[in-house]
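Thanks for making time. I'll walk through one model this morning, starting with the backbone and then moving to helix packing.

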Amino acid sequence: MSTSATAPPGLKAKRRKTESFAWVAAIVLVAALVGGVLGQRFEAPLADRVLGLAAPPPHPDVVVVAIDEDTVADLPSRSPIDRQFLAGLIATIDQKRPAALGVDLLFTRPTEPLKDAALRTAIINAAAPVVIASAREDEGLTAAQAAYSRDWPGQRGRAALPRDEADGMVRHLPAADGTPPFSLALTTAAGKSDAMPRGRILYADGAFPTYSAKLVQHLPEAWFKGKIVLIGNTLPQVDRHRTPRIAIEGADRGEIPGVTLHAHIVSQLLSGLSRQPPPVWLIALSALLAAMAGAALRPLAPLSSAAVGIAALLGYGAFCAAVVTLTPQLPPLATPPLAFVLAAAGTLGQRWRRDRRERIRVKGMFGRYVSPRVVQNLIETEADPVLGGERREVTHIFTDLEGFTSLAETLEPERTAELLNSYLDGIVSLVHDAEGTVDKLVGDAVVAFFGAPDVQADHAERAVACARAIAVFADKERTRRRDEGVPLGRTRVGVHTGIAVVGNFGGNRLFDYTAVGDTVNVAARLESANRAVGTTVLISAATRERASGAFRPVGRVLVKGRREPVMCYEPVTDE
């Protein structure tokens, strides 16, 4: 035997609460996990957007000297850049008294000896500190290239930039391990910043002053004096880097030369700005808390939960805006909203599924005591049942099983119950199939009506068809029981159409949905009259006028309680 079937109501309720809590806990954990995993994927791109809106202006002490197409057009080769030209460029810029000069070009192999010597001399003789870009073997150089690069005079700065593995974007400041990053080496040489913070690169909102290397000799000293000057390659398809601005400004403007990217980092160091991304533990904790908050919407009504959920998301957006505005910290941006929405949707869906299952259970349970049509009407209208009724034309059916009381006296109680339940189930099913309403079961008698609670224009047609079906069923049932040795009697049916008051009658504590009026009395008298005239089904003239099919006039039957006799008909087959 099933434990749940025999468990007391209190234990069942406790078990349902435990199961519900387990469901909610599981949904919270799944939402936190999925929100955390997916949120990690969206945290960086969403932070790109936020940082783009709060981007600082470019620092005025950063200048870029570009080796562009105009420059290389007059040089003997595009790569490597002519070192005699570079020597003259460094000397010219040095005369304009910059704070520091950075060369974002890798010198990994010798060229013409005289030109190499001229460049070395220019670096050594420069009054301003000169920082040369470098790289290591683990950054793509061979051992010979790395050794040759280290042999150059001037200070060293690692030019390598970290890329996100997910999309190849350069988002994070380079780490200062071993040789300092190129940008930090420049600000340190200029005596303006000697520490590299950890966190995001804050791309400046605007362009740095950028001059073609070909024109530097013609530019005024004031444009370079006291500034950090970066010399680098801006040729297309050479030393280009994907930045978060691709998503905002498009690939053409979002993919920038390495020298420009270093300029952004130098600008950030000079401005003393930093943005710390949220640590992993904070993202995980925020996902869990947000999922719990989303699950807390479960007890609310749908509209209320939607309103509270939207307000919570807007509130978290305002909180994130305040954190970004007032602190250097970046809060988790994507993970909490995602975990919140997933948990809210999951728990609300689980609640809807539970409520739907409960509605089906209640509907099925009460449909065994009250007509399913009545239960369905209450569910669809969402109205509470109230006492009272309305006048409605309906058609009543009244059935009775002949001789059942005497038969029951000869059978065991269990056998009698089985026999009666099978018989009544068949008749009730036929009424329900015809979309009728079972009013009540009185012993072996069934009282039903058509035309309420739903308005049915063809209620008489439905009732007559149902009466025909009941007669056929009862005859088959009688034959089946006779073969089992049980002398089941005939079933008589009366049908009448008239005005009744249909609704809830009784008291405030207990009432019944029924039809009150003379209609049911006439149907009952017609059922009884079948015995006298030798018929199975009798319908009144009022019903006959509203129903189709073949009928045989039986005559006028004097019904108790009426002065005038009722004209009756018997439904017959169309032959």
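Arg97 first. Arg97 is partly exposed, because its relative accessibility is 48%. Its phi is positive, about 55°, and Arg97 is not a glycine. Keep in mind that this is a predicted model. Where does Arg97 sit? Look at the loop between helix 4 and strand 2, residues 100–104.

Why flag a phi like that? Because most residues other than glycine have a negative phi, and most peptide bonds are trans.

Now Asp239. Asp239 is another non-glycine with a positive phi, here about 50°. The loop that holds Asp239 runs between strand 6, residues 228–233, and strand 7, residues 240–242. Buried or exposed? Neither, quite: at 33% relative accessibility, Asp239 counts as partly exposed.

Stay with Asp239 for a moment, since Pro257 touches it. Pro257 belongs to strand 8, residues 255–257. With 9% relative accessibility, Pro257 counts as buried; the cut-off for that is under 20%. What else does Pro257 touch, leaving out residues up to four places away in sequence? The other partners are Asn233, Thr234, Arg240 and His241. One distance to go with that. Gln237 lies 20 residues from Pro257 in sequence, and the two C-alpha atoms are 9.0 Å apart.

Next, the cis peptide bonds. Take the one between Ser79 and Pro80, with omega about -5°. Pro80 lies in the loop that links helix 3, residues 69–72, to helix 4, residues 83–94. Then go to Ala452 and Pro453. That peptide bond is cis too, and omega is near 0°. Pro453 is in the loop between strand 11, residues 445–450, and helix 17.

Let me step back to the whole protein. How many helices and strands are there? The secondary structure comes to 19 helices and 16 strands. The protein has 575 residues, and 44% of them count as buried. Its accessible surface is about 29,500 Å². Carbon and sulfur atoms account for 58% of that surface. Now contacts. Count those with a separation of 6 or more: 74% of them are between residues 24 or more positions apart.

On to helix packing. Two packed helices are described by the angle between their axes and the distance between the axes. I have three pairs to show.

Pair one is helix 4 with helix 5, residues 113–125. They pack at about 15°, and their axes are 7 Å apart. That angle makes helix 4 roughly parallel to helix 5, since it falls under 35 degrees. The crossing is left-handed. Which residues of helix 4 make the contact? Arg83, Gln84, Leu86, Ala87, Ile90 and Asp94. From helix 5 come Leu114, Lys115, Asp116, Ala118, Leu119, Ala122, Ile123 and Asn125. By class, this contact has 8 nonpolar, 2 polar and 4 charged residues.

Pair two is helix 7, residues 182–189, with helix 10, residues 258–271. Their axes come within 9 Å and cross at roughly 45°. Helix 7 is therefore oblique to helix 10. This crossing is right-handed. Helix 7 contributes Phe182, Ser183, Leu184, Leu186 and Thr187. Helix 10 answers with His262, Ile265, Val266, Leu269 and Leu270. How do the residues of this contact divide by class? There are 7 nonpolar, 3 polar and no charged.

Pair three takes us to helix 16, residues 413–433, and helix 17, residues 459–483. The angle is about 155°, with the axes 9 Å apart. Parallel or antiparallel? Over 145 degrees counts as roughly antiparallel, so that is how helix 16 and helix 17 run. Their crossing is right-handed. On the helix 16 side, the contact uses Arg415, Glu418, Leu419, Ser422, Tyr423, Gly426, Ile427, Leu430 and Val431. On the helix 17 side, find Cys466, Ala469, Ile470, Phe473, Glu477, Arg480 and Arg481. This contact divides into 9 nonpolar, 2 polar and 5 charged residues.

To recap the pairs: helix 4 and helix 5 are roughly parallel, helix 7 is oblique to helix 10, and helix 16 and helix 17 are roughly antiparallel. That's it from me. Questions, please.

Key. Residues numbered from 1 in each chain as written. Predicted model: local features only at pLDDT ≥ 70, side-chain atom pairs only at ≥ 80, totals over all residues. Heavy atoms only, no water. Axes fitted to C-alpha atoms, helices over the stretch in contact; angles between N-to-C directions. Helix = DSSP H or I, 4+ residues; strand = E, 2+ residues; numbered from the N terminus. Parallel < 35°, antiparallel > 145°, perpendicular 65-115°, else oblique. Left-handed = near helix turned anticlockwise from the far one by under 90°. Contact = heavy atoms within 4.5 Å. Nonpolar A, V, L, I, M, F, W, Y, C, P; charged D, E, K, R; others polar. Buried < 20%, exposed > 50% of the residue type's maximum accessible area, 1.4 Å probe, protein only. Areas by Shrake-Rupley, 256 points an atom, 1.4 Å probe, with all protein chains shown as cover.
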